[in-house]
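Visitor: Could you take a close look at one part of this model for me, and then follow the side-chain contacts outward from there?

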Amino acid sequence: MLREILQSMRPYQWYKNLVVFIAIVFSYNLFNLEMWERSILAFVAFCLISGSVYIINDVKDTEKDRLHPKKRLRPIAAGALPTRTALSASILLLAISLSASFFVSRPLGYIGLLYLFINLLYTFYLKYVALIDVMVVAVGFVLRAIAGSLVINVRVSPWLVLCVFLLALVLAFGKRRHELLTASASRDCLSQYTEKMVEDLLNISVSMLLMSYALYSFYVNDYMMVTLPFAFYGVFRFVQLVYLTNFGGEVELILKDRISLANLGLWTASVIVVLYVVNA
C-alpha cells in the first residue's frame, strides 16, 4: 500500500514546492546553513500537505477518473488503493506535516493551514469556476513563497512575490490551452473557456510577468538587469513550446527541454553572481 499511497501523492508534482527556497536565495542567505535546515523542513511540509490534498482530490473524483484514459490508472481510481485507506493516510500525513510546521515555526503552521483550507475549497468548489481556478493555483505558489520567507524570518520584495503569482498564471493558462485543444482533461470548467480567451489571458500574463521582473531587477540594483535576457528568453521559450507543440499540459516536461535547462542554468548563475559576488 505504501507505493500506492506515494503514487497518489504525485511526487512528480512536488517541484512546485521549490518556490519555498526563493526567499533564502534572494535574501542573501544562500550560505546560511541554519536557514537551509528550516527551509528544507518547510519544503518537506508542503510536499506532504500538497500530497495529502492530491489524495483527497482523487478520492472525491474516483468515479470521474475511471472514465478518463489516463486518470483511470491512478491507484484509487484503479482500485489498487481502497478509499478508506487513502483517506486515513491523508489525514495522518496532514496531522504530521501541520504539527511539524507549527513546531518549526508558528507562522509556517498558519500558512500551511491556510494553504490546506484554500486547496480543499478548490477541490470541492473552486475548480469548477473558470478564472478562479487558475487564480487559486497562483495563490498556492504565493503562499509557498511567503512560507519560505516566514520560516527564516526575512522579508522578500513584493515585486518578487508578484512575479511568482504571474509565473503561476502563465503556467496555468498554458495548461488550460492544452486541455482545450486536446480535450484530454475532464475538467468541468473548460466549457467556460475558449481557446482565444485562454491565449489572450496567457499573453497578458506573460507581459505582466516580464514587466514585473524588470521592475524587480531595477529595484534590487542596476546589475540585476543582467539577468533579464535569460529570464525573458525562458518565458519566451515556454510560450514558443506552448504554441508550437501544445506543451502546456505537463509543465514539468520543460525540465527535459535542453535549451530551457541551459537557459535556466545561466539565469541561476547570473542571479548568484549579481547577488553574492557583485553585491558582496
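**A close look, starting from one alanine**

Guide: Happy to. A89 is found in helix α6, residues 83-104; helices here are DSSP runs of H or I with at least four residues, strands are E runs of at least two, and both are numbered from the N terminus. This is a predicted model, in which local features need pLDDT of at least 70 and side-chain atom pairs count only at pLDDT 80 or more, while totals for chains, interfaces and linings use all residues. Residues are numbered from 1 along each chain as its sequence is written, and side-chain values use heavy atoms, with hydrogens and water left out.

A89 counts as buried because its relative accessible area is 12%; buried means under 20%, exposed over 50%, and partly exposed in between, with a 1.4 Å probe and protein chains only. The C-alpha atom of A89 lies 7.4 Å from that of I5, although 84 residues separate the two along the chain.

Now let me turn to the rings. A pair of aromatic rings is described by the distance of the centres and the angle of the planes. Rings of Phe, Tyr and Trp (its six-membered ring) pair if their centres lie within 6.5 Å, and planes under 30 degrees apart are stacked, over 60 edge-to-face and the rest tilted. The count by this rule is 10 aromatic pairs. One of them joins F26 and Y216 edge-to-face, with 6.0 Å between the centres and 70° between the planes. This pair links distant parts of the chain, since F26 belongs to helix α2 (residues 22-26) and Y216 to helix α10, 190 residues apart. Both partners have little accessible area by the cut-offs above: F26 is buried at 14%, and Y216 is buried at 3%. F26 also pairs with W267, where the centres are 6.4 Å apart and the planes meet at 40°, so this pair is tilted. Here too distant parts of the chain are linked, as W267 sits in helix α12 (residues 258-278), 241 residues from F26 in helix α2. Together with Y213, the residues F26, Y216 and W267 form one aromatic cluster.

Helix α10 also reaches the surface. W159, L162, M211, L215 and Y219 make a nonpolar surface patch of about 460 Å². The elements giving two or more residues to this patch are α9 (158-182) and α10 (195-220), and α10 gives the most, with three residues. Patches are built from residues with over 30% relative accessible area and no salt bridge, joining like charges within 9 Å and nonpolar side chains (Val, Leu, Ile, Met, Phe, Trp, Tyr) within 5 Å; the areas come from the Shrake-Rupley method with a 1.4 Å probe, and for residues only the protein chains shown count as cover. L215 is found in α10 and is partly exposed because its relative accessible area is 35%.

Charged contacts come next. A salt bridge is a side-chain nitrogen of Lys or Arg within 4 Å of a carboxyl oxygen of Asp or Glu, and there are 12 by this rule. In one of them, D61 meets K127 at 2.6 Å, N to O. D61 lies in the loop between α3 (33-60) and α4 (62-65), and K127 in the loop between α7 (106-124) and α8 (132-151), so the bridge ties together parts that are 66 residues apart in sequence. D61 and K127 are both buried. Another bridge pairs D133 with R176 at 2.8 Å, N to O. It links helix α8, home of D133, with helix α9, home of R176, across 43 residues. D133 and R176 are likewise buried.

Back in helix α10, K196 bridges to D200, with their closest N and O atoms 2.8 Å apart. These two residues lie four apart in α10, about one turn of the helix. K196 is exposed at 55%, whereas D200 is partly exposed at 34%. Elsewhere, R10, D58, D65 and R74 are joined into one network by salt bridges that share partners.

Two last details. The charged end of R144 sits over the ring of F141, 5.0 Å from its centre, where the rule asks for NZ of Lys or CZ of Arg within 6 Å of the ring centre and within 35 degrees of the ring normal. As for cysteines, the structure has zero disulfides, a disulfide being a pair of cysteine sulfur atoms within 2.5 Å. C163 is buried at 6% relative accessibility, and C189 is buried at 0%.
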